[in-house]
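Let's take a walk through this model together, starting from one residue and working outwards. Have the sequence and the 3D view side by side as you read.

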Amino acid sequence: MYTVSRPGRSLSALIISAALLTTLAACSPKEPKPVPTPEAASPVSAEAQTASAQISADYLRDQIATFSADEFEGRGPATPADTKARQYLVEQLKQIGFEPGGSDGSYEQPFDVVGVTAQMPKQWSFKKEGKTASFKWWDQYIAGSGVQSDKGAIKNAEVVFVGYGIQAPEFGWDDFKGQDLKGKVLLMLNNDPDWDPQLFAGDTRLYYGRWSYKYESAARQGAAGAIIVHTTPSAGYPFQVVQSSWTGEQVELPASGEPRILVKGWLTEEASRELAKLGGQDLDQLIAAAKSKDFQPVPLGVTTSLEFKNKINRSSTGNVYGVLKGSDPKLSDEYVIYTAHHDHLGVGEPNDAGDKIYNGAMDNASGVAQILAIGKAFKALPQPPKRSVMLLFVAAEEQGLLGSKFYAEHPTVAPGKIAANINVDGGNIWGRAKDIVFIGKGKSTIDDYVNAIAKLQDRVVTADQFPDRGFFYRSDQFNFAKIGVPALYLDTGTDFIGKPADWGKQQHALYEEKHYHQPSDEIAADWNYDGMIEDAQLLFHVGNNVANASPADAPKWLPGDEFEAARKAAQAELATQAE
């Protein structure tokens with residue numbers, strides 16, 4: 001999910017001081033403490049406490065520095081650098097003693113992808129009654145191709161404002177009201193209705209509020225294109241993230257007959273206001289009207305045409321996985337799967353300093369480093385846990401969670417046999433925090449496991465502090481949840497030890513503004529690994545306890561959760577196969 005930038009890259013500058021090493025040692029728990037866990041047989045044992053020391057600042061720093069170095073060229077999917085990155089991960093899995101994850105003895109799960117580089121015009125024009133509004137590429141509009149063909153074109157398509165572009169029967173919400181929108185360009189708002197906790201989920205963004213849902217929704221209506229109105233509050237990130245994420249080659253899974261729009265567009269808020277004005281409308285009034293179940297689509301009487309060419313690159317990438325077989329004959333065919341995406345944005349538009357390599361140190365070399373370190377900790381146990389453990393490095397997350405989607409559609413372990421997914425996307429580079437943020441807190445009984453280990457660390461578990469940004473649907477655990485697997489995704493806290501109250505939120509905001517999906521996401525000499533170590537140790541202990549849990553105490557979705565039905569279906573399928 002995260003993407004970063006890269007000013008200075010000298011590895012010689014990345015030296016941790018003796019004082020910091022002393023601090024790290026002082027922060028490590030000396031004695032195991034009894035921990036209230038979901039079952040009496042799964043406290044943090046002395047052996048597990050000792051094994052967790054494998055998660056060290058030196059190892060994390062070295063892995064991040066290597067994996068985010070310029071030689072990996074930002075790890076863009078289906079590039080030579082992507083192949084090099086996957087080969088590196090295979091070697092690391094061998095080094096820590098994990099066996100191949102594939103039944104064919106392979107450490108890789110390859111899959112085909114289609115790279116589409118759209119050549120959009122320098123301006124996009126809209127017309128009504130002799131008047132024209134034109135918007136500049138990059139500064140005012142960004143668009144990508146929705147089709148995997150050499151060219152695409154929209155001709156004299158009418159623009160219709162469709163509010164949030166949502167159909168949610170469970171909430172009695174339908175923004176389309178049965179209107180014929182075939183061949184039209186739909187102007188729609190980001191996010192989902194957020195003003196009533198009883199409607200949707202209040203300020204917690206659901207999948208209905210994600211950009212991917214918007215384009216899928218427009219395609220189901222037979223629309224020619226869709227334009228999302230960008231505002232920083234509604235998107236959860238500034239327009240520069242759209243610029244960096246939606247330009248250059250866009251990698252997708254091959255089309256398989258699903259509905260598609262021709263153009264996936266974004267307009268800045270200012271440009272959207274101008275477009276609404278051309279149509280004789282006021283954007284604020286349109287937004288106000290959209291905040292009602294009675295909303296009806298509003299034709300703007302504006303038409304637009306857009307022609308573009310695509311460079312098509314049919315290639316392949318792959319997930320990388322290794323396994324540690326469980327020690328219990330009855331439970332070893334069940335798995336705890338740790339995931340971290342290995343890709344980033346590759347080489348793209350240069351920043352002001354001329355840097356065009358999007359290194360992705362935080363996003364997600366830090367996640368890769370953490371689950372490798374967690375793998376080392378599992379190997380350091382006197383014997384493996386009862387269930388098996390998989391380290392799964394998924395591809396093309398930045399392109400729409402493609403690697404985890406492919407794995408979920410082609411799992412090497414039956415979904416009903418996956419006890420939990422623990423996803424790591426980013427890391428704490430600012431020091432120890434009193435809190436840890438649980439994205440998706442309150443959805444499953446995996447909460448109990450997290451709370452127990454956090455208590456051992458004298459920390460508190462808080463819910464998503466930015467619920468309006470829909471983080472649960474923006475990283476790879478989402479695809480595991482969709483097939484019913486209880487999923488865990490933690491984020492860095494905001495209450496940092498020895499820092500002012502607002503300092504943590506300021507660091508999050510600064511990262512998002514300056515480094516998220518930018519060339520400046522690079523490892524720096526001032527990174528503090530204390531918090532990253534503590535977070536990774538928490539995830540190790542949680543995974544170890546889940547892997548050793550009795551069948552009755554394995555994680556479950558809470559009754560009524562949106563993913564509960566998928567879990568029941570996965571387990572019913574297992575029961576059918578056993579008959």
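A good place to begin is E108, which is partly exposed because its relative accessibility is 22%; buried means under 20% relative accessible area, exposed means over 50%, and partly exposed lies in between (1.4 Å probe, protein chains only). Before going further, please note that this is a predicted model, in which local features need pLDDT of at least 70 and side-chain atom pairs count only at pLDDT 80 or more, while totals for chains, interfaces and linings use all residues. Residues are numbered from 1 along each chain as its sequence is written, and side-chain values use heavy atoms, with hydrogens and water left out.

What does the side chain of E108 meet in a salt bridge? The partner is R86, at 2.7 Å from N to O. A salt bridge here is a side-chain nitrogen of Lys or Arg within 4 Å of a carboxyl oxygen of Asp or Glu. This pair links distant parts of the chain, since E108 sits in strand β2 (residues 108-119) and R86 in helix α4 (residues 80-96), 22 residues apart. Helices (H or I, at least four residues) and strands (E, at least two) are DSSP runs, numbered from the N terminus. R86 is buried, with a relative accessible area of 8%.

Let's turn to a pair within one helix. In α16 (residues 564-578), E564 forms a salt bridge with K568, and their closest N and O atoms are 3.3 Å apart. The two are four residues apart in that helix, so about one helical turn separates them. The general background is that an α-helix has 3.6 residues a turn, so residues three or four places apart point the same way. Here E564 counts as buried at 18% relative accessibility, whereas K568 counts as exposed at 53%. Returning to the earlier pair, salt bridges that share partners join D82, R86 and E108 into one network.

Helix α3 (residues 57-67) offers another example: R61 and D58 are three residues apart, which again puts about one helical turn between them. Their side chains meet in a salt bridge at 2.7 Å, N to O. R61 is buried at 11% relative accessibility, while D58 is partly exposed at 36%. The helix itself is mostly covered, with eight of its eleven residues buried; among them are Y59, L60, I64 and F67. In total, the count comes to 19 salt bridges.

Now for helix packing. Helices α8 (residues 269-278) and α9 (residues 283-290) meet at an angle of about 90 degrees, with their axes 9 Å apart. The axes are lines fitted to C-alpha atoms, for helices over the stretch in contact, and angles run from 0 to 180 degrees between N-to-C directions. That angle makes α8 roughly perpendicular to α9, a label given to 65 to 115 degrees. On the α8 side, E269, S272, R273 and A276 make the contact, and on the α9 side L283, D284 and L286 do; contact means heavy atoms within 4.5 Å. These residues divide into three nonpolar, one polar and three charged.

Finally, step back to the whole chain. Its secondary structure comes to 16 helices and 21 strands. The C-alpha trace spans about 75 × 60 × 50 Å along its principal axes, and buried residues make up 59% of the 579 residues.

Methods. Parallel < 35°, antiparallel > 145°, perpendicular 65-115°, else oblique. Nonpolar A, V, L, I, M, F, W, Y, C, P; charged D, E, K, R; others polar.
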